[in-house]
Structure formats: C-alpha cells, structure tokens
Amino acid sequence: YVFNPYALSCGHLFCKSCACSSASVLIFDGLREASPKSKCPTCREVGVYSKAVHMLELDMLLKRRCKDYWKERLTAERVEMLAQSKLHWTKIAYGLEPSSIFSQVYLHSISTIPDFVLNPTGGEGASSSHSVPLSSS
C-alpha cells in the first residue's frame with residue numbers, strides 16, 4: 001500500500017515520505033523543495049517532483065478500506081516528521097546549514113521511531129513497507 005500517495009510528473013506513485021526521501025528533502029518541506037536535478041527512483045527521469053500531484057482520492061480510499069494500516073502509517077509519519085523538524089530547528093539554532101542535514105535527519109528519524117510503530121502487532125509476519133537504511137552511503 002501507499003500512504004499519502006503522490007504521483008510524480010513521470011506517472012509513478014510514491015508515498016510522500018518515500019518521495020521526499022528519494023528527493024532528499026524533509027517531509028515538512030515537501031516535494032516542491034526538491035532539486036530540479038532530482039530523479040524518479042523508478043524511471044530516473046529528471047525534474048519530476050516540482051509538479052507532483054497529491055492523490056487525495058486514493059488516500060481517502062485507503063483510509064476507509066485499510067483503517068488499521070492507515071492509522072499505523074499516519075503515526076509513523078508524524079513521528080518521523082517531528083524528529084525531522086526537531087533536528088532541523090536544532091541545527092538552525094546552532095548556526096548549522098539546514099539544507100545539508102537530510103541524511104542525518106533521515107537516519108535520526110528512523111532510529112527514533114518506536115518499535116511498536118514499526119511493528120505494531122509485535123509478532124512475526126508484521127512488515128513495514130519501507131526498507132530502512134542502516135548506514136548512509
């Protein structure tokens with residue numbers, strides 16, 4: 001499933017958080033802040049983020065049909081966005097360049113998501129739709 005889906009101008013669909021991650025922008029900054037040189041992770045087309053369209057109807061359908069999944073993803077995205085914003089404003093408070101912190105923010109935010117959010121059932125077979133990088137490349 002996708003959560004908070006966006007269609008890039010090339011036609012590929014991604015979760016907002018996934019698209020922001022691939023465009024190296026913070027979730028609260030949004031896709032319009034992506035560099036014009038950023039590429040679609042699927043087809044590698046350049047400049048696809050500036051005209052991304054929020055697929056609100058699809059999001060509403062998923063919210064109604066997959067209630068538990070949608071709530072889990074909403075909680076996880078809120079936790080990630082909060083962690084990103086805290087680190088962003090901390091960097092600004094200390095006079096550091098906020099635009100250069102994406103990978104640090106992403107890794108920090110993933111590491112601060114509680115286990116119950118990433119694995120809400122607590123048992124085997126629970127899976128996340130995201131792959132989590134263990135180190136920055």
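The following paragraphs describe the fold, the nonpolar cores and selected residue environments of a predicted model.

The chain contains five helices and three strands, and these elements succeed one another along the sequence in the pattern β-β-α-β-α-α-α-α. Of its 137 residues, 34% count as buried. Among the contacts in the chain with a separation of 6 or more, 60% are accounted for by residues 24 or more positions apart. An unreviewed UniProt entry places the feature "domain: RING-type" at residues 8-44; in the model, the C-alpha atoms at the two ends of this span lie 12 Å apart, and the span is 22% helix and 8% strand.

The largest nonpolar core comprises 14 residues, of which L8, L31 and Y49 touch the most other members. Helix 1, formed by residues 16-23, supplies the largest share of this core, namely three residues. The surroundings of L31 can be described in further detail: when its neighbours within four places in sequence are left aside, L31 is in contact with Y6, A19, C20, Y49 and A52. A second core, separate from the one just described, consists of six residues, including C15, L62, Y69 and W70. In soluble globular proteins, nonpolar side chains tend to be buried together.

W70, a member of the second core, also takes part in the environment of a charged residue, D59, since the side chains of D59 and W70 are joined by a polar contact of 3.2 Å. D59 lies in helix 2, which spans residues 56-65, and is buried yet has no salt bridge. The nearest side chain of opposite charge belongs to K63, at a distance of 7.5 Å, whereas a salt bridge requires a side-chain nitrogen of Lys or Arg within 4 Å of a carboxyl oxygen, so the separation from K63 does not meet this criterion. Not counting residues up to four places away in sequence, D59 touches F3, N4, P5 and H54 in addition to W70.

Y69, likewise listed in the second core, can be related to the beginning of the chain through Y1, which is found in the segment before strand 1 (5-7). Y1 and Y69 are 68 residues apart in sequence, while their C-alpha atoms are 8.7 Å apart in space. Y1 itself counts as exposed because its relative accessibility is 63%, and the cut-off for this class is over 50%. Y1 is thus exposed, whereas Y69 belongs to a core made up of buried residues.

Terms used
Residues are numbered from 1 along each chain as its sequence is written. This is a predicted model: local features need pLDDT of at least 70, side-chain atom pairs count only at pLDDT 80 or more; totals for chains, interfaces and linings use all residues. Side-chain values use heavy atoms; hydrogens and water are left out. Helices (H or I, at least four residues) and strands (E, at least two) are DSSP runs, numbered from the N terminus. Buried means under 20% relative accessible area, exposed over 50%, partly exposed in between (1.4 Å probe, protein chains only). Lys and Arg count as positive and Asp and Glu as negative; His and the chain ends are not counted. A polar contact is a pair of N or O atoms within 3.5 Å; within protein, one must be able to donate a hydrogen and the other to accept it, and residues adjacent in sequence count only if both atoms are side-chain atoms. Contact means heavy atoms within 4.5 Å. UniProt positions are given in the numbering used here, feature names are shortened, and annotations may be inferred rather than shown by experiment. A nonpolar core is a set of buried Ala, Val, Leu, Ile, Met, Phe, Trp, Tyr and Cys residues joined through side-chain atoms within 4.5 Å.
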